[in-house]
Amino acid sequence: MSSYFRLGLISAFCVIALDQASKWWILVWVMSPPKVLAVTTFFNVVLTWNRGISFGLFNNESNLGVWIFSILALIIVGILLSWLWKIDSKTIAVSLGFIIGGALGNVTDRILHLAVVDFLDFYLGGVHWPAFNVADSFITSGAVVLIVDSLFSRRKTHTNISGSGEPGN
């Protein structure tokens, strides 16, 4: 097992722990009973239950979606773990760990509550961004870093015909 793989797994574990601790705190201490806590003029803490996926898509009362989305997330985590096993970059390892940990944090919610606990509510005027959680934040952060890294990385990805390892023309 490479140190990069290990770093990715540690990152994933930390994200899961932080995500689940924040949700426990919200459920047990902050939202008992449920309420809207206005923190700033653009941010509330609320309690919402999302049975769907990102942005509340496919959020309905059916438990079937909960299991389908959990299985889909686990398949994606498996693919990301395979990618993590092969990489040789700290940045990519941590980014993949963030995405894996966030996905598993939300799967944990689906198993425990049959829905994902969302509680961060940002808005501008009367327009609210869909509520989200710590896991969603890490998934987004990891994905953004992967995209930026792929666009601006100077890693050698091509070899020329002579095989010297220099980028081809």
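Just 2 salt bridges turn up in the structure, which is a predicted model. Both can be followed from K23. On one side, the K23 side chain meets that of D19 in a salt bridge, with 2.8 Å from N to O. These two residues sit 4 apart in helix α1, so about one helical turn separates them. On the other side, K23 forms a salt bridge with D109, where the closest N and O atoms are 2.7 Å apart. This second pair ties together distant parts of the chain: K23 belongs to helix α1 and D109 to helix α3, with their positions 86 residues apart. Since the salt bridges share partners, D19, K23 and D109 end up in one network.

As for exposure, the network is tucked away from the surface. K23 counts as buried because its relative accessibility is 2%, under the 20% cut-off. D19 is buried too, at 0% relative accessible area, and D109 counts as buried at 1%.

The surface has something to show at helix α4, which covers residues 134–152. V144, I147, V148, L151 and F152 make a nonpolar surface patch of about 510 Å². One of these, L151, lies in helix α4 and is exposed, its relative accessible area being 60%.

Two spots in the backbone also deserve a look. The peptide bond from S32 to P33 is cis, with omega near 5 degrees, and P33 lies in the loop between α1 (3–30) and β1 (37–38). Then there is L114, not a glycine, yet with a positive phi of about 60 degrees. L114 lies in the loop between α3 (90–113) and β3 (116–124) and is partly exposed, with a relative accessible area of 27%.

Definitions and conventions
Residues numbered from 1 in each chain as written. Predicted model: local features only at pLDDT ≥ 70, side-chain atom pairs only at ≥ 80, totals over all residues. Heavy atoms only, no water. Patch = residues over 30% accessible without salt bridge, like charges linked within 9 Å, V, L, I, M, F, W, Y side chains within 5 Å. Areas by Shrake-Rupley, 256 points an atom, 1.4 Å probe, with all protein chains shown as cover. Salt bridge = Lys/Arg side-chain N within 4 Å of Asp/Glu carboxyl O. Buried < 20%, exposed > 50% of the residue type's maximum accessible area, 1.4 Å probe, protein only.
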